[in-house]
Every structure is written in C-alpha cells, then in structure tokens.
Amino acid sequence: LQVRRRLGDSLGRLAGLLWTPRFARAFRNLIQRASLLLLAKPQDVFAGLARPQVTFPNVPFTEPAAPPAASGTDESLLFVGSAAHRPNLAGVAWFLRDCWPVIRAARPTATIRLVGVGDWSALPAELAAQPGVRIVGTVDDLAPEYAAARAAICPVLEGAGSQIKEIEACSFARAIVTTPFAAAGFGPAIEAALPVAAEPRSFAEACIALL
C-alpha cells in the first residue's frame, strides 16, 4: 500500500509480486517451528500443515454497564479499526469505492466516520475526499462515537482472527453491517442476527435501510 500510494499502482503491484512469496516462505518457516497453533476460527486453519491446530471460542468481551443513548440525529455510519492493519484499510477502500456512492445517492446527508489509530492518509485521496467522508483518527473514548452513529460497518474481506469490532458495536447497542468473511467464527446464532452482505450493492442497501 505504501509503494502504491507513493509510486503508483504499477509499481505497487510489482512490489506485491516480489514481496508476497518471500513473506509466505518466511511465515511458513515460522509456523513450522511451532508445536501448536491456536486459531480463532476454522477458516484460519492451514491446509497440509503437519502441526496440531486448534480453534477456540472467541474471548468474552466486557460490555458497558449501559449502552450509550443516541446523541445525534444525523445519518451517520461508523467504522472503528486500525488503519495500520492492511485488511481494515483495504475493506474501507472497498466500501468507499463501491458502496459509498450508492449510499450517498439514496441518502445525500449521510456521513461515514473513520475512527482508529494509524495512517489514514494511506487511503486513496479520491476516496477520502468524497462528500460525507470524515477521517477522525484516534479518539480517547469510543462511547460518544457510537452514541452519534446510527449503525456501524465492518467491510473486511480478508485476514485472520476475529472481528472484535462486531462484538464491540453490538455491546454499544448498534447494528453493524458486515461481510460473510467478517461474520465467520461467531457461531450461527450471532451470524444470523447481523446484517450480512457479500456484494457492494447489498452492503450499501443494508446500510441505507439502517440509516
């Protein structure tokens, strides 16, 4: 992402072709030295790995004593996550490119607030500059952000582990629109309760319905 942002898409793709195989080899060597792998969900299991692999339930999340009451009337969506985590940044870019224009066409006053640590300038400038996009960055307290939001989003399409942002949004009494990938690992009861959408149009329509 850094190479692509600074030097363009062509050199960014070339960097990926050069570095991805090296990273894969290094990672494979690393996990071969482990005697046990603990994984957050079955989808993270490595095929053909001659090491014990165990999936375990998601860790409990301590919810607030009382969810914050809604503090605003704006049609506001919220994303919470680290911009330093590549799947987060890639998911937000997907949302802003393929979903946000559809949402704004239906709800011209809608806003999306991007909250979390990291370098949000790594987002393509043309996506970040769209009407209604608010890059907030780091905050001291998430409660006011959730209180001002109508709903949250988790547009993550890749990676490993569990999307704790989904548990967090639910603990703050906010619906969260998510992808099938991000909803995996929480069990069928939770997955069935979340608005899950795989395609940009359906993801946008789920957000519009909540707004």
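Which residue of strand 4 is the bridge partner of Leu 77? In this predicted model, the partner is Ile 112, and the views below start from that pairing and work outwards.

**View 1. The open sheet and its strand order.**
Here five strands form an open sheet in the order 5-4-3-6-7, with parallel pairing. Strand 5 (133-137) and strand 7 (176-178) are the edge strands, and each of them pairs on one side only. On average, neighbouring strands of this sheet are turned by 25 degrees against each other, direction ignored. As background for this view, strands of a sheet pair through backbone hydrogen bonds, either parallel or antiparallel.

**View 2. Strand 3 and its two partners.**
Let us zoom in on strand 3, residues 76-80. Strand 3 is joined to strand 4 by five bridges, and the two run parallel. Towards strand 6 (residues 151-154), strand 3 makes two bridges, again in a parallel arrangement. Look for Leu 78 here, which stands opposite Ala 152 of strand 6. Strand 4 is largely enclosed by the rest of the structure, because four of its five residues are buried.

**View 3. Strand 6, with side chains on both faces.**
Ala 151 and Ile 153 point one way from strand 6, while Ala 152 and Cys 154 point the other way. Each of these four residues is buried. Strand 6 also pairs with strand 7, in the parallel sense and over three bridges. Within that pairing, Ile 153 has Val 177 of strand 7 as its bridge partner.

**View 4. Helices laid on the sheet.**
Helix 3 (residues 86-106) lies across strand 3, strand 4 (111-115), strand 5 and strand 6. Relative to strand 4, helix 3 runs at about 175 degrees. Helix 6 (residues 164-171) packs on the sheet as well, touching strand 3, strand 6 and strand 7. The direction of helix 6 makes about 155 degrees with that of strand 7.

**View 5. The largest nonpolar core, seen around Leu 77.**
The largest nonpolar core has 31 residues, and those that touch the most other members are Leu 77, Phe 95, Leu 96 and Ile 103. Two or more residues each come from strand 3, helix 3, strand 4, strand 6 and helix 9 (200-210). Helix 3 gives the largest share, ten residues. Leaving out residues up to four places away in sequence, Leu 77 touches Phe 95, Trp 100, Ile 103, Thr 111, Ile 112, Arg 113, Ala 151, Ile 153, Cys 207 and Leu 211. Another core, of 14 residues, lies apart from this one, and its members include Tyr 146, Val 156, Ala 182 and Ala 183.

**View 6. Ser 76, a polar residue in strand 3.**
Ser 76 is found in strand 3. With a relative accessibility of 4%, Ser 76 counts as buried. Its side chain makes a polar contact of 3.4 Å with the side chain of Thr 111. Neighbours within four places in sequence aside, Ser 76 is in contact with Thr 111, Arg 113, Ala 148, Ala 149, Arg 150, Ala 151 and Leu 211.

**View 7. A stacked ring pair in helix 2.**
Seven aromatic pairs are found in the whole structure. One of them is formed by Phe 23 and Phe 27, which are stacked at 6.0 Å centre to centre with 15 degrees between the planes. These two residues are separated by about one helical turn, because they are four residues apart in helix 2 (residues 9-32). Phe 23 is exposed, with a relative accessible area of 58%, whereas Phe 27 is partly exposed at 32%.

**View 8. An edge-to-face pair linking helix 3 and helix 9.**
The rings of Trp 94 and Phe 203 have centres 5.4 Å apart and planes at 85 degrees, so this pair is edge-to-face. Trp 94 sits in helix 3 and Phe 203 in helix 9, 109 residues apart, and the pair therefore links distant parts of the chain. Trp 94 is buried, with a relative accessible area of 9%, and Phe 203 is buried at 0% relative accessibility. Ring pairs link Trp 94, Phe 95, Trp 100 and Phe 203 into a cluster.

**View 9. The buried residues of helix 9.**
In helix 9, the buried residues are Phe 203, Ala 204, Ala 206, Cys 207 and Ile 208. Their cover includes strand 3, helix 3, strand 6 and strand 7.

Technical notes. Residues numbered from 1 in each chain as written. Predicted model: local features only at pLDDT ≥ 70, side-chain atom pairs only at ≥ 80, totals over all residues. Heavy atoms only, no water. Pairing = 2+ DSSP bridges. Axes fitted to C-alpha atoms, helices over the stretch in contact; angles between N-to-C directions. Contact = heavy atoms within 4.5 Å. Core = buried A, V, L, I, M, F, W, Y, C linked by side-chain atoms within 4.5 Å. Buried < 20%, exposed > 50% of the residue type's maximum accessible area, 1.4 Å probe, protein only. Phe/Tyr/Trp six-rings, centres within 6.5 Å; stacked < 30°, edge-to-face > 60°. Polar contact = N/O pair within 3.5 Å; in protein donor to acceptor, adjacent residues only side chain to side chain.
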